[in-house]
Amino acid sequence: MSESTRETIFALSSGRPPAAIAVVRISGPRAGDALKTLTGKITPPRKATLAQIRGRDGEAVDQALVLWFPAPHSETGEDVAELQLHGGRAVIASVFTALSQIAGLRPAEAGEFSRRAFENGKLDLTAVEGLADLVMAETEGQRRLALRQMTGALGNLAENWRTQLIQALALVEARIDFSDEADVPQDLVAPALQITRALEGEIGAALADDGRGERLREGLVVAIAGPPNAGKSTLLNRIAKREAAIVSPYAGTTRDVIEVHLDLGGLPVTLLDTAGIHETDDPVELEGVRRARERASAADLVLWVVDARDNPNGLSTAPSCLAGKASAGSLVWVLRNKIDLVQADRLRSENKCQSNGSNESNSQFTEPLINKVNRQLSYTNEFEFNANELKFNVSAASGEGVDEVLAQLMKRAQNFLAGAESALVTRERHRRALKDVHAALRRALALETARDEDLLAEELRVAARALGRLTGRVDVEDILDVIFRDFCIGK
Ligand code: GDP
């Protein structure tokens, strides 16, 4: 046990006060002493008990429900006391003061409870990550994915794979160790290879998931881009129904990327307002532009907003000048915004009896527009103007057409994230570890095994170690800090 785990930690595990209830957890060898100091007794294990909480000077601070979980049957695997206080700031402050004065107690760091649970074998790393994701889940889809992971969908499977690998390894090692002895069966390697082949198939299948799990964790990323003043920020505000972006009639005022998280039918969609994308010499704006481009170019979908008045015919099918330059990249939907103004103009011209019917049917990509878009899209090669891109007429100001965009976005999210809730791999870290396992197994299978038993054993060892990294059994010190620092205090 390391030095830090011998200290007793405490933290507010519930949300920001004031609240009806505040949950304070205490974990470590002195948790029992702390409970006794505060309540005058150790309450029966795992039974909610009403108790008077007293401060350092013996004054009653609160009346609270108290739970006592003696080690090892607690969330952290240590002695844990849990106080369900009334959630007022003064109550919590007073209890914290009393706890701080007890020798050997200190406030917990972010993620420290979960870290102790991991160190005491209560959770493997994938479960810890699932727990973190469950706390952060914003949509039903993300919640389901996180819960599956927290309860061992990946961790148990990885452990099972590791056990099989170790069996295969044991067979090969037996063959090496006893190769001189006549009564050792010659065919120890064959069953080892059979296990290896089966695992290579299973792990390959888990990896061939198109990155769905990572996508569901992160959501469909949609960048709102287009020339200044086209109405991007107004559109974002309309969609977010709150003042997330600065709406201004002046070009280039939105310098940074603004993010809005949406829940579309249980699926996560992140909208990025990249209003800052335009030509500029201002160094501050340049940085905004650079960041906006970076985010936009990594987006799964771009809503390219144009002013319908500058684009009377809309962007029709893929403008060849753009498609030619496009590398694999985001899908683009074109939103002709400010359609209210076009309609007003049309009404005016109709009043003058100059109406010549629909101008949508024979839409052509006009030369001036090509030049304009090319100028705006000096980073065009990051976008793919897809031949079956969608086009919308919208008014961010009045809201006209925006529901249709959202309906299509939801469809897109459904397709994009189909089947993702059952994905096993939800992070790059998992993917990297599993790829290492898979590569080692493939190398093992490619060996001339009759002669290369030592090499075979080594590849199986490499594979088992990579699986151990996935669940946190080996080599993990360096990644622990990264994982646990994303936790909140009290978790
Ligand atoms: P951005 O630079 O692309 O983010 O553009 P803004 O959202 O800041 O909008 C620029 C100007 O156009 C603002 O004055 C908006 O009020 C106006 N605007 C945006 N969308 C519409 C629309 O659909 N109709 C009308 N009439 N004005 C709009």
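**Exercise 1. Is E459 buried or exposed, and which residue makes a polar contact with its side chain?**

*Solution.* Start with accessibility: E459 counts as buried, because its relative accessibility is 16% and the cut-off for buried is under 20%. Bear in mind as you work that this is a predicted model. Next, place the residue: E459 belongs to helix 17, which covers residues 453-471. Now look for a polar partner. The side chain of R443 makes a polar contact with the side chain of E459, at 2.9 Å. Finally, widen the view to contacts beyond four places in sequence: E459 is in contact with A440, R443 and A444. R443 thus appears in both steps, as a polar partner and in the contact list.

**Exercise 2. How many residues surround the ligand, and which are the closest?**

*Solution.* Begin with the count: the ligand is surrounded by 18 residues. The closest are N229, K232, S233, T234 and D340. Then sort the shell by residue class, which gives eight nonpolar, seven polar and three charged residues. Last, ask where the shell comes from. Helix 10 (232-240) and helix 13 (339-351) each contribute at least two of its residues. The largest share, three residues, is supplied by helix 10.

**Exercise 3. Which atoms of N229, K338 and S395 lie by an oxygen atom of the ligand, and how much of the ligand does the protein bury?**

*Solution.* Take the residues one at a time.

- For N229, a backbone N or O atom lies 2.8 Å from a ligand oxygen atom.
- For K338, a polar side-chain atom is 3.0 Å from an oxygen atom of the ligand.
- For S395, a polar side-chain atom is 3.1 Å from an oxygen atom of the ligand.

With these distances in hand, turn to the area. The ligand taken alone exposes 580 Å², and 84% of that is buried by the protein.

**Exercise 4. Which phi value does N229 have, and which does D210 have?**

*Solution.* N229 has a positive phi of about 70°, although it is not a glycine. Its place is the loop between strand 7 (220-225) and helix 10. N229 is partly exposed, because its relative accessible area is 36% and partly exposed runs between the 20% and 50% cut-offs.

D210 is not a glycine either, and its phi is positive at about 65°. This residue sits in the loop between helix 8 (189-207) and helix 9 (212-218). At 62% relative accessible area, D210 is exposed, because exposed means over 50%.

**Exercise 5. Where do P18 and P72 lie, and what is the geometry of the peptide bonds from P17 to P18 and from A71 to P72?**

*Solution.* Locate each proline, then check omega. P18 is in the loop between strand 1 (8-12) and strand 2 (19-27). The bond leading to it from P17 is cis, with omega near 0°. P72 is in the loop that joins strand 4 (60-69) to strand 5 (80-87). The bond from A71 to P72 is cis, again with omega near 0°.

**Exercise 6. Is V342 buried or exposed, and which residues does V342 touch beyond four places in sequence?**

*Solution.* First, V342 is part of helix 13. Second, V342 is buried, because its relative accessible area is 13%, under the 20% cut-off. Third, leaving out residues up to four places away, V342 touches A308 and R309. For A308 there is also a C-alpha separation: 6.8 Å from V342, across 34 residues along the chain.

**Exercise 7. What share of the residues score a pLDDT of at least 70, and over which residues does pLDDT stay under 50?**

*Solution.* Let's finish with the whole chain. The average pLDDT is 80, and 75% of the residues score at least 70. One stretch with pLDDT under 50 is 315-328, where the model has 36 contacts beyond four places in sequence. Another is 353-388, with 78 such contacts. Predicted coordinates should not be read in detail where pLDDT is low.

Now add the overall figures. The protein has 18 helices and 13 strands, and 48% of its 491 residues count as buried. Among contacts with a separation of 6 or more, 71% join residues 24 or more positions apart. The exposed area is about 23500 Å², of which carbon and sulfur atoms supply 51%.

Conventions:
Residues are numbered from 1 along each chain as its sequence is written. Side-chain values use heavy atoms; hydrogens and water are left out. Helices (H or I, at least four residues) and strands (E, at least two) are DSSP runs, numbered from the N terminus. Buried means under 20% relative accessible area, exposed over 50%, partly exposed in between (1.4 Å probe, protein chains only). A polar contact is a pair of N or O atoms within 3.5 Å; within protein, one must be able to donate a hydrogen and the other to accept it, and residues adjacent in sequence count only if both atoms are side-chain atoms. Contact means heavy atoms within 4.5 Å. A residue is near a molecule or strand if one of its heavy atoms lies within 4 Å of it. Accessible areas come from the Shrake-Rupley method with a 1.4 Å probe; for residues, only the protein chains shown count as cover. Ala, Val, Leu, Ile, Met, Phe, Trp, Tyr, Cys and Pro count as nonpolar, Asp, Glu, Lys and Arg as charged, and the others, Gly among them, as polar. pLDDT is the predictor's confidence in each residue, from 0 to 100.
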